[in-house]
Structures are given as C-alpha cells and as structure tokens.
Amino acid sequence: MTGKIIDRRAVLAGAAAVGAAGLLPRSFTSAIAQSSVSSTFSPTETMPGGSNNYVPNAPVVRNLGTGFVASGVVRRAGDGAPLPNVRIQIWAATERGGERVASNRGSVMTGADGGYRLEISPIVPQFGQPHIHIAYDDPGFATLFLRPVLNSRHDTSITADFVLAPEVLNGPRRS
C-alpha cells in the first residue's frame, strides 16, 4: 500500500516538474510568456488556432468596447527595429458576443514606436478558454496569427509583443 502512495506522489512531482520546465502546451502557459519577444529577434511563429474566424481587411477602429486592453510592440525580424504604421487585426469573444460578431473585430495601426493598443469589451471563454486573436496579414511581412490564452476570464489586459518576418521567409501570403 505504501508503495502505491509513493508512486502517486512521484507521478505528481514529475508532472509538476514538467509544468515548471515549460513543457506544458501553450494553452496552460501565461499569455505574456506565449508572446515574449526573443532576444535574437527571431520571427514569431503562428499559433495553432490563431486564424480561426479570421476575416481579411477588418476596418481600423478606435475601440471594440471597454474593460479589456490588448497591447504590444511589433518588431522586424533580425534587427528588432520597431515597425511603425502596420495594421494589426484583433478579434475575440466578448461579453457582446462571439468571435464572428462584427463589433468584436477591428484593426489598429502601430505607432512610431511599433506599439499598438486596442480597448475591447471583457473577454469571455470560447471553447473553454478565454483567449484573443491578433493577426498581421498585409503585404510586406509574412502573415502571422496569434491566439494567446488568458490566465483567467477576469484578466483586464494582455501584452502581446511579436516579431514579423520578411514575407519571403514564410512563403506565400494567405489569400
């Protein structure tokens, strides 16, 4: 009997070590950790599920409600230079409806420092996870879709910094 208890403890300790080592799937890690910028300014990779419910050419908006802020800095691969005047599309399931609701989708332009910011209605879980979608899909750089998961539906902000690759590095653009 004692051996079984020790085995369970060992299994639980091993699982905790795996989680601490960052080996858990992205859906179990913090949103900030998922979107951190590499010190070498390698291109950020598209996340699985990032393009779900994407609609090209979302209009530039001032906000999509209030209560949650998505922000970050967009940089160029290689030298890490901030990218001004690039269009970032953001959409999410919010208290106003699902990801397909037009009023939950919009684009913002980055500033001179490569920064972007969009205020949104509070995020609600969709498919069991509170998450947000952030995309770049214009000419000049490779298409990128992010789907950072929030720690809680009660989070009020997310910072998602990312690095765009020159268009030729990631192949043809998505149509």
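This short presentation describes the fold, the core and several charged residues of one protein.

Good morning, colleagues. Please bear in mind throughout that the model is predicted.

I begin with the overall architecture. The protein has 175 residues, and 39% of them count as buried. Its secondary structure amounts to 2 helices and 8 strands. Read from the N terminus, the order is α-α-β-β-β-β-β-β-β-β, with both helices ahead of the strands. The accessible surface comes to about 9300 Å², and carbon and sulfur atoms account for 57% of that area. As for contacts between residues at least 6 apart in sequence, 74% join residues at least 24 apart.

I turn now to the interior. The largest nonpolar core contains 26 residues. Which of them have the most contacts inside this core? They are I88, I90, Y116, I120 and F162. Two or more residues come from each of strand 1 (68-76), strand 2, strand 4 (115-120), strand 5, strand 6 and strand 8 (162-164).

Let us take I90 as an example. Setting aside neighbours within four places in sequence, I90 touches L64, A70, N104, R105, G106, Y116, L118, I120, I132, H133 and I134. Two of these partners, Y116 and I120, were also named a moment ago among the core residues with the most contacts.

Next, the charged side chains. How many salt bridges does the model contain? The count comes to 2.

One of them joins D138 and R87, whose closest N and O atoms are 2.9 Å apart. This pair links distant parts of the chain, for the two residues are 51 residues apart. D138 lies in the loop between strand 5 (133-136) and strand 6 (144-146), while R87 belongs to strand 2. Are these two partners buried or exposed? D138 has a relative accessible area of 17%, and since buried means under 20%, it is buried. R87, at 14% relative accessibility, is likewise counted as buried.

The other salt bridge is between the side chains of R76 and D79, with 2.6 Å from N to O. Here the surroundings are described by another word: R76 is partly exposed at 33% relative accessibility, and D79 is partly exposed with a relative accessible area of 47%.

A further charged residue deserves attention, namely E99. E99 is located in the loop between strand 2 (87-91) and strand 3 (105-109). Although buried, E99 has no salt bridge. Why is that? The nearest side chain of opposite charge, R147, is 5.7 Å away, and a salt bridge requires the nitrogen and the carboxyl oxygen to be within 4 Å, so this pair does not qualify.

What does the side chain of E99 meet in a polar contact? The partner is the side chain of N53, at 2.7 Å. Residues up to four places away in sequence aside, E99 touches N52, N53, W91, A92, A93, R105, Q126, H131 and H133.

Finally, I come to P122, in the loop between strand 4 and strand 5. P122 is partly exposed, with a relative accessible area of 24%. Apart from neighbours within four places in sequence, P122 is in contact with T66, G67, F68, A93, T94 and E95. Its C-alpha atom and that of R153 are separated by 8.0 Å, although the two residues are 31 residues apart along the chain.

That concludes the presentation. Thank you for your attention.

Methods
Residues are numbered from 1 along each chain as its sequence is written. This is a predicted model: local features need pLDDT of at least 70, side-chain atom pairs count only at pLDDT 80 or more; totals for chains, interfaces and linings use all residues. Side-chain values use heavy atoms; hydrogens and water are left out. Helices (H or I, at least four residues) and strands (E, at least two) are DSSP runs, numbered from the N terminus. Buried means under 20% relative accessible area, exposed over 50%, partly exposed in between (1.4 Å probe, protein chains only). Lys and Arg count as positive and Asp and Glu as negative; His and the chain ends are not counted. A polar contact is a pair of N or O atoms within 3.5 Å; within protein, one must be able to donate a hydrogen and the other to accept it, and residues adjacent in sequence count only if both atoms are side-chain atoms. Contact means heavy atoms within 4.5 Å. Accessible areas come from the Shrake-Rupley method with a 1.4 Å probe; for residues, only the protein chains shown count as cover. A nonpolar core is a set of buried Ala, Val, Leu, Ile, Met, Phe, Trp, Tyr and Cys residues joined through side-chain atoms within 4.5 Å.
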